[in-house]
Amino acid sequence: MKDSQFAQGKAIHKETGQTFYYATRLLPERIREQTYILYGFFRIADEVVDNGAELPAADQRAQLEEIRAAALGEGDIDEPVIEAFDTVREQAGIAEEEVNKFIDAMLMDIDTDRYQTYEELEEYMRGSAAAVGNMMTSVMDADRPERARPHAMALGEAFQLTNFIRDVREDIRELDRIYLPLETLEQYGVTPDQIEREECTPEFRRAIQSELRRTENLYREGVKGIEHLPEDCQFAVLLAAVLYAEHHKLVREQNFDVLSSRPELSRARKLWMVARTWWNWRRYGDPVTVFRKVSAIPTDEGYSEEAEHGVPSPE
């Protein structure tokens with residue numbers, strides 16, 4: 001892999017995936033470069049539809065098909081990261097199905113800006129999130145990938161749903177998209193027009209609370225599979241889950257109002273969560289136990305503990 005390809009993939013990751021970037025830096029060196037390339041590939045494809053609104057839909061589709069062909073080694077493209085992705089795909093044994101699922105999801109974003117049911121949204125996330133989890137599992141080279149993949153897919157979907165909840169205001173302002181299932185909004189008496197007007201009603205807050213619970217079930221399922229990953233990858237994946245889940249605490253602190261302001265983790269808070277997670281990881285060494293003790297996701301019995309065994313709070 002050329003240094004320029006790696007540098008470009010890393011730069012894209014650092015600029016656009018700041019939460020995940022903290023965890024990626026703790027991955028073992030043997031897969032760090034490949035991870036940056038994967039993320040660069042994801043972002044380049046995603047930006048065709050997110051930042052290409054001025055292009056006709058036909059041109060966006062053509063660009064995505066060009067990216068698909070190059071990523072599968074079936075065409076040429078003037079994009080070093082895509083060229084590097086094809087190499088990573090072959091070396092890691094990433095299934096072509098996962099690449100196709102991902103590009104198909106990007107194509108859905110061209111024509112689809114609302115999802116009536118969660119099942120429809122789940123179909124989209126099979127490519128935009130679950131496929132990402134599967135590709136990362138291949139890069140990590142798990143001994144028993146068949147045991148790791150279902151959990152990796154769940155964790156990928158959990159990350160995606162957290163993004164959807166966090167970014168409701170930005171998605172409607174910048175992309176005219178609503179990723180919250182319309183059936184959830186209807187259940188709580190919320191209309192898409194209210195979201196377009198950024199009206200945070202009690203009903204909207206309850207809808208967000210409901211989607212948080214759905215997402216948190218996926219986190220619990222996803223974290224269960226971290227033990228099936230290589231030991232040198234487990235902490236980084238666990239930390240990514242903790243950092244993404246920390247947004248849920250911010251959402252609750254805002255009383256589920258994600259329309260007035262976007263919940264964002266400060267650098268200090270991220271570093272604090274890194275320290276807490278590492279301290280507990282050194283003590284317990286079990287992903288499920290550490291996630292239960294450190295993360296903002298409520299346990300089956302209630303909320304996770306605030307003070308951690310002598311580690312002082314920064315508040």
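## Arginine 220 and helix 12

Arginine 220 is partly exposed, with a relative accessible area of 23%. That value is not under the 20% that would make a residue buried, nor over the 50% that would make it exposed, so the label falls in between. The model is predicted. Arginine 220 sits in helix 12. Its C-alpha atom is 8.7 Å from that of threonine 299. Along the chain, arginine 220 and threonine 299 are 79 residues apart.

Helix 12 runs over residues 202–223 and has 22 residues. From first C-alpha to last it reaches 32 Å. This is close to the 32 Å expected at 1.5 Å a residue. The buried residues of helix 12 include Phe204, Ala207, Ile208, Glu211, Leu212, Thr215, Leu218 and Tyr219. Ser210, Glu216, Gly222 and Val223 are also among them. In general, an α-helix has 3.6 residues a turn, so residues three or four places apart point the same way.

## The cavity

How many cavities of 30 Å³ or more does the count give? The count comes to one. The largest cavity has a volume of about 30 Å³. As a general point, rolling a probe the size of a water molecule over the atoms shows where empty space is left.

The lining of the largest cavity consists of Leu121, Leu161, Phe164, Ile165, Tyr179, Leu180, Pro181 and Glu211. Seven of the lining residues are nonpolar, none is polar and one is charged. Glutamate counts as charged, so Glu211 is that one charged residue. Glu211 is also one of the buried residues of helix 12. Which helix gives the most to this lining? Helix 8, residues 145–166, does so with three residues.

## After helix 8

Aspartate 167 lies in the loop between helix 8 and helix 9, the latter spanning 168–175. Is aspartate 167 buried or exposed? Aspartate 167 is buried, because its relative accessible area is 12% and the cut-off is under 20%. The side chain of aspartate 167 makes a polar contact with the side chain of arginine 166, at 2.8 Å.

## The whole chain

The protein chain has 15 helices and zero strands. Of its 315 residues, 56% are buried. Consider the contacts in the chain with a separation of 6 or more. Residues 24 or more positions apart account for 71% of them.

Terms used:
Residues numbered from 1 in each chain as written. Predicted model: local features only at pLDDT ≥ 70, side-chain atom pairs only at ≥ 80, totals over all residues. Heavy atoms only, no water. 1 Å grid on protein atoms, 1.4 Å probe; cavity = no way out; pocket = protein on both sides within 12 Å on 5 of 7 lines; lining within 4 Å. Points joined across faces, edges and corners; volume = space filled by probe spheres on them. Helix = DSSP H or I, 4+ residues; strand = E, 2+ residues; numbered from the N terminus. Buried < 20%, exposed > 50% of the residue type's maximum accessible area, 1.4 Å probe, protein only. Polar contact = N/O pair within 3.5 Å; in protein donor to acceptor, adjacent residues only side chain to side chain. Expected span 1.5 Å × (residues − 1). Contact = heavy atoms within 4.5 Å.
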